[in-house]
Amino acid sequence: MRLAGQHRQLPLPRSWTITPRDILIVLAANAALVVGMWWRHGGLDQFDTPAGIFTGLGQVTALVGTYIALVQLVLMSRSPWLDRVVGGDRLLVWHRWAGFTCLWLLVGHALLTTVGFGLGDGSGVINEIGTLLLDYPWVLMATVGLVLLIGVAVSSIRAARRRLSYETWYGIHLYAYLAIALAFLHEVAVGTDFVGDQVALGYWVGLYVVTVSLVLIFRVVQPMRFSLRHRLRVDQVVQEAPGVVSIHLTGRHMDQIAIRAGQYLQIRFLSGGGWWRHHPFSISAAPDGQSLRITVKDLGDDTARLATLRPGTCVFAEGPYGAFTRERMRRSKALFIAGGIGISPLRAMMEERQPGRGDVTLLYRASGWDDVVFAQELEALGRRPGTTVRFLVGRRGTAEMPVDPLDAHWLRHLVPDIRERDVFYCGSGSFMDRVAASLRTLQVPRGQIHAERFS
């Protein structure tokens with residue numbers, strides 16, 4: 001059992017005063033600038049004929065769609081700064097909405113432009129398709145890029161995602177980079193915004209340069225720097241429960257890793273056939289400057305092999321990531337709600353908290369006692385001043401658990417002052433949905449709700 005007896009002065013991740021709203025304002029301002037440049041180049045002047053209307057709309061959808069595609073790349077860059085400011089769950093929502101918005105705009109561009117050109121020269125839509133593909137520079141390649149983006153979007157639909165292996169899904173998503181590169185070449189070659197306007201050309205080239213630089217920095221340079229500096233390796237693997245193991249990591253300069261309880265690392269264990277796959281793992285113990293602990297549940301994929309890792313196995317890590325930390329607290333009291341392996345970041349946050357500072361209640365939901373992780377450690381933490389730990393164990397509808405303890409009525413019964421607390425909850429998708437619905441019913445202020453999905 002690991003419980004930190006002393007809290008060392010360790011570096012903390014940098015705090016930022018910028019908010020998600022500030023980021024959205026900057027993104028919207030750049031989108032407005034893109035439309036403004038199109039307007040300045042006479043975009044609205046062509047709206048005097050049906051052909052001009054279709055062509056003009058095709059131009060503006062292309063510009064805004066391409067801009068959102070670049071935003072998508074930045075969202076995919078694994079920027080620790082962006083992840084910390086926005087938060088993983090919200091960043092995922094942004095990514096999904098931006099992805100489908102980008103796709104629809106670019107599909108709209110293709111259709112609107114084809115109709116507009118067809119009306120303009122009287123050739124008809126079908127004949128115009130052949131003309132555009134064969135006679136206009138880079139249109140064929142841009143069409144290939146659009147098909148690739150459609151493939152990425154289809155693979156992201158939940159029904160398709162369930163049927164794809166991780167390797168297939170990940171490989172398909174890599175084609176997004178090629179698609180956007182092809183779109184850039186098409187944009188520069190035939191984009192009306194760039195013909196004779198060096199300022200517009202410079203602006204767009206700058207957008208691409210900044211985007212590519214951020215991707216290289218956050219996906220290549222920083223992970224290499226982190227791994228070479230700290231040279232993490234597996235120290236020991238400890239079984240916590242059936243199908244659940246804790247992996248203790250050691251390395252160099254461990255006291256200089258700026259990570260907080262509740263955050264996670266993207267980790268690759270350089271051993272076995274899955275060495276190239278990365279997984280997000282939250283630390284399950286408060287950082288002590290000597291080692292890090294992650295706790296892994298066998299979910300039937302590559303995680304199964306992690307129980308057999310040998311001490312000394314090298315680790316490639318990226319991060320730390322995540323805004324799911326006590327730094328988000330606005331109240332002196334907190335409620336932690338964990339489901340299954342979702343206890344990992346919350347257990348670390350409980351340990352990181354200084355005893356006697358504020359009031360913390362933990363509700364730990366599990367189907368059976370075999371699914372409870374860290375039982376002894378949690379009981380020890382529960383004996384600290386101002387800490388309450390409650391295990392909610394049993395399958396719903398049985399004599400052991402005849403009600404759903406996560407519904408609004410029972411949450412209010414278990415924690416009467418829930419609206420006066422910051423609420424942190426973590427678990428599987430269905431668990432998260434149930435807790436979120438109950439918190440809405442209880443009218444817990446949104447600013448006091450903090451979530452992390454373990455799926």
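Start at Cys 314 in this predicted model. Select the residue and show its surface: Cys 314 counts as partly exposed, because its relative accessibility is 45%. Then select Cys 102, which counts as buried because its relative accessibility is 4%. There is no disulfide to look for, since a search of the whole structure finds zero.

**Confidence**

Colour the chain by pLDDT. The mean is 83, and 89% of the residues reach 70 or more. Confidence is lowest in helix H5, residues 125-135, where the mean is 70. It is highest in strand S2, residues 244-250, at 93. Where pLDDT is low, the predicted coordinates should not be read in detail.

**Helix H10**

Select residues 343-352. Is this helix enclosed or open? Ten of the ten residues of H10 are buried, so the helix is largely enclosed by the rest of the structure. Charged residues are on the list of buried ones, including Arg 347, Glu 351 and Glu 352.

Show the side chains of Arg 347 and Glu 351. They meet in a salt bridge, at 2.4 Å from N to O. The two residues are four apart in H10, so about one helical turn separates them. Glu 351 counts as buried because its relative accessible area is 0%, and Arg 347 is likewise buried at 0% relative accessibility. Now add Glu 240, Arg 293 and Glu 377 to the selection: salt bridges with shared partners join these three with Arg 347 and Glu 351 into one network.

Move to Glu 352 and select Arg 260 with it. Their side chains form a salt bridge of 3.7 Å, N to O. Glu 352 belongs to H10 while Arg 260 is in the loop between S2 and strand S3 (264-269), so the pair ties together parts that lie 92 residues apart in sequence. Glu 352 is buried, at 13% relative accessibility, and Arg 260 is buried with a relative accessible area of 13%.

**Another salt bridge**

Select Asp 417 and Lys 333. The side chains meet in a salt bridge at 2.5 Å, N to O. Which parts of the chain does this pair connect? Asp 417 lies in the loop between helix H12 (408-414) and strand S10 (422-427), and Lys 333 in strand S7 (residues 333-339), so parts 84 residues apart in sequence are tied together. Asp 417 and Lys 333 are both buried. The structure holds 13 salt bridges. In general, side chains of opposite charge can pair when their charged atoms come close.

**The largest nonpolar core**

Next, select Tyr 67, Leu 75, Val 86 and Trp 204. Of the 37 residues in the largest nonpolar core, these touch the most other members. To see where the core comes from, highlight helices H1 (20-40), H2 (50-75), H3 (80-86), H4 (88-121), H6 (139-156), H8 (166-190) and H9; each supplies at least two residues. Which helix gives the most to this core? H2 does, with ten residues.

**Along helix H9**

Stay with H9, residues 198-230, and pick Val 212, which is found in this helix. Val 212 counts as partly exposed because its relative accessibility is 44%. Extend the selection to Leu 216, Ile 217, Val 220, Val 221, Met 224 and Leu 228. Together with Val 212 they form a nonpolar patch on the surface, with about 600 Å² of accessible area.

Ser 213 is also in helix H9. At 32% relative accessibility, Ser 213 counts as partly exposed. Draw a distance from its C-alpha atom to that of Ser 77: the two are separated by 9.8 Å, although the residues are 136 apart along the chain.

**Backbone details**

Continue to Arg 231, in the loop between H9 and strand S1 (233-241). Arg 231 is not a glycine, yet its phi is positive, at about 45 degrees.

Then select Gly 319 and Pro 320. A cis peptide bond joins them, with omega about 0 degrees. Pro 320 is placed in strand S6, residues 315-321.

Finish at Gln 443, in the loop between helix H13 (429-441) and strand S11 (449-453). Its phi is positive too, at about 60 degrees, and Gln 443 is not a glycine. Is Gln 443 buried or exposed? Gln 443 counts as exposed because its relative accessibility is 54%.

Key: Residues are numbered from 1 along each chain as its sequence is written. This is a predicted model: local features need pLDDT of at least 70, side-chain atom pairs count only at pLDDT 80 or more; totals for chains, interfaces and linings use all residues. Side-chain values use heavy atoms; hydrogens and water are left out. A disulfide is a pair of cysteine sulfur atoms within 2.5 Å. Buried means under 20% relative accessible area, exposed over 50%, partly exposed in between (1.4 Å probe, protein chains only). pLDDT is the predictor's confidence in each residue, from 0 to 100. A salt bridge is a side-chain nitrogen of Lys or Arg within 4 Å of a carboxyl oxygen of Asp or Glu. Patches are made of residues with over 30% relative accessible area and no salt bridge: like charges are joined within 9 Å, nonpolar side chains (Val, Leu, Ile, Met, Phe, Trp, Tyr) within 5 Å. Accessible areas come from the Shrake-Rupley method with a 1.4 Å probe; for residues, only the protein chains shown count as cover. A nonpolar core is a set of buried Ala, Val, Leu, Ile, Met, Phe, Trp, Tyr and Cys residues joined through side-chain atoms within 4.5 Å.
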